[in-house]
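Here are some questions on how a ligand site is described. Each reply sets a value against its criterion.

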Amino acid sequence: MTKSICIITGSTLGGAEYVADHLESCLTNQGFEVALFNHATLNDIQSQEILLVVTSTHGAGELPDNIKPLFDELDQSDLNLSQMQFGVVGLGSRDYDTFCNAVNIVENTLKAKGAQQVCESERIDVSSNFEHDETAETWLSLFLRHLK
Ligand SMILES: Cc1cc2nc3c(=O)[nH]c(=O)nc-3n(C[C@H](O)[C@H](O)[C@H](O)COP(=O)(O)O)c2cc1C
C-alpha cells in the first residue's frame, strides 16, 4: 500500500520551504503520497501517521510565525498523537545561542502528545552548510529506513 507522508514547514524567509519542496520531490519520486502544508492547521495534521516538519528558527529561538500558532494550539490541546511517527529537519545558524531551538520545541511538543520520533533530527547550520537540499535528502534516507 502507498504510504502517505505529510510535510509541514516553518519558514520566514523561504529557506525551509525550499528544503521541504525538495523532500517532497524525493518522496514523490519514490512513490510516496505527499501532502505539503506551508500554513498547517491542527486539522491538517491530527490524523496523520507520518509527519515531517521542516522548520527554521527565528526570533530568539522561536518557531516562525507560520507554524507557531499550530504548535501553541497543539501544546494546549489534549490530542493523542500515538498513531504518529515524525521526523524534523531544522535550519538555523550557530551564530545564535539558540541554534535550531525550533527543532527542540517541535520534538518536545509532538512527544508530549504521544507521537514517536523516528530518528535523530537534522540541524542544518546555514552559516557553514550551503548544501541544504543534499543534507536533508541524506537525512531523509535515514528517516525512511527507520520508519515502521
Ligand atoms: C531575525 C533572525 C533571527 C534568527 N534567530 C535564530 C535563532 O534563534 N536560532 C537559530 O538557530 N537561527 C536563527 N536565525 C537563522 C535562521 O534560522 C536561518 O537564517 C534560516 O536559514 C532561515 O530560514 P527560513 O528562510 O526558512 O526562514 C535567525 C535569523 C534571523 C533573520
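Q: What makes α1 and β4 part of the lining of the largest pocket?
A: In this predicted model, α1 and β4 each supply at least two residues of that lining. A lining residue has an atom within 4 Å of a pocket grid point, so both elements contribute.

Q: Which residues lie nearest the centre of the largest pocket?
A: Ser-56, Thr-57, His-58, Leu-91 and Gly-92 do. They belong to a lining of 20 residues. The pocket holds about 300 Å³ of space.

Q: How do you know where the ligand sits?
A: The space taken by the ligand is the largest pocket. To sit in a pocket, a molecule needs more than half of its atoms within 2 Å of the grid points.

Q: Why is the ligand's link to Gly-15 called a polar contact?
A: A ligand oxygen is 2.7 Å from a polar backbone atom of Gly-15. The cut-off for N or O pairs is 3.5 Å, so the pair counts. Ser-56 qualifies through a polar side-chain atom, 3.0 Å from a ligand oxygen. Gly-59 qualifies through a polar backbone atom, 3.1 Å from a ligand nitrogen. Alone, the ligand exposes 640 Å², and the protein buries 80% of that.

Q: How many residues of the shell around the ligand are nonpolar, polar and charged?
A: Eight are nonpolar, twelve are polar and none is charged. Gly counts as polar in this scheme. The pocket lining divides into seven nonpolar, 13 polar and no charged residues.

Key
Residues numbered from 1 in each chain as written. Predicted model: local features only at pLDDT ≥ 70, side-chain atom pairs only at ≥ 80, totals over all residues. Heavy atoms only, no water. Polar contact = N/O pair within 3.5 Å; in protein donor to acceptor, adjacent residues only side chain to side chain. Areas by Shrake-Rupley, 256 points an atom, 1.4 Å probe, with all protein chains shown as cover. 1 Å grid on protein atoms, 1.4 Å probe; cavity = no way out; pocket = protein on both sides within 12 Å on 5 of 7 lines; lining within 4 Å. Points joined across faces, edges and corners; volume = space filled by probe spheres on them. Helix = DSSP H or I, 4+ residues; strand = E, 2+ residues; numbered from the N terminus.
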